[in-house]
Amino acid sequence: MKTIKISADIIECSKDELSADDRRLVQSAEDFLPHAYAPYSKFSVSAAALLDNGVIVNGTNQENAASPSGLCAERTAVFYANSMYPNNKVLTLAISAFFEGQIVKNPITPCGSCRQVLLETEQRYHSPIRLILAGRDKCLIVNCINDILPLNFDSSFFD
Ligand code: THU
């Protein structure tokens, strides 16, 4: 018997400490927060995906009265990016959320379904997706999706 340890290096920093490119991506996510359609939760989420061709693709959460029919911001952004630019990798995804009149204090982290989709996107494009999880002042930087979805299920189990 042995113990398997799982760990990841996640960077915590202030918005001021981000590089100019990362700040621009976070700004883009924040700019699109008003495009969220969140009449039920009133919790707006926005994701900005930087592609390897320099294009930024935005997505926001889109809710539905039949709640499972809605979609999170991360999947909206990544599915849109992959539909519009199937030959371009997503390099970095910035995520921002707004609730009760302000950007949330603490950075939000993608839900399990989004992690699963982001993981497969990494594998499909053979390229890690960096996450910048942006709160009001504080940010978390995740180097790849596997770091926040260890022991994941993927297509290798079909082998
Ligand atoms: N939501 C996202 O868009 N991304 C996340 O990472 C977490 C949650 C959305 C789903 C729902 O529309 C609202 O936030 C409240 O859960």
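Which elements each supply at least two residues of the shell around the ligand? In this predicted model, they are β2, which spans 43–51, and α2, which spans 73–84.

## The shell around the ligand

The residues that surround the ligand are S41, F43, V45, N61, E63, C72, A73, E74, I108, T109, P110 and C111. By the character of their side chains, the residues of this shell divide into seven that are nonpolar, three that are polar and two that are charged.

## Polar contacts with the ligand

Oxygen atoms of the ligand lie a short listed distance from atoms of E63, A73 and E74. For E63, a polar side-chain atom lies 2.5 Å from an oxygen atom of the ligand, and for E74 the corresponding distance, again from a polar side-chain atom to a ligand oxygen, is 2.6 Å. A73 takes part through its backbone instead, with an N or O atom there lying 2.9 Å from an oxygen atom of the ligand. On its own the ligand has 370 Å² of accessible area, and the protein covers 76% of this.

## The pocket

The space that the ligand takes is the largest pocket, and the volume of this pocket is about 250 Å³. Its lining is made up of 17 residues, and among these S41, N61, E63, L71 and C72 lie nearest the centre of the pocket. The residues of the lining divide into eight nonpolar, seven polar and two charged.

Terms used
Residues numbered from 1 in each chain as written. Predicted model: local features only at pLDDT ≥ 70, side-chain atom pairs only at ≥ 80, totals over all residues. Heavy atoms only, no water. Near = heavy atom within 4 Å. Polar contact = N/O pair within 3.5 Å; in protein donor to acceptor, adjacent residues only side chain to side chain. Areas by Shrake-Rupley, 256 points an atom, 1.4 Å probe, with all protein chains shown as cover. 1 Å grid on protein atoms, 1.4 Å probe; cavity = no way out; pocket = protein on both sides within 12 Å on 5 of 7 lines; lining within 4 Å. Sits in = over half its atoms within 2 Å of the grid points. Helix = DSSP H or I, 4+ residues; strand = E, 2+ residues; numbered from the N terminus. Nonpolar A, V, L, I, M, F, W, Y, C, P; charged D, E, K, R; others polar. Points joined across faces, edges and corners; volume = space filled by probe spheres on them.
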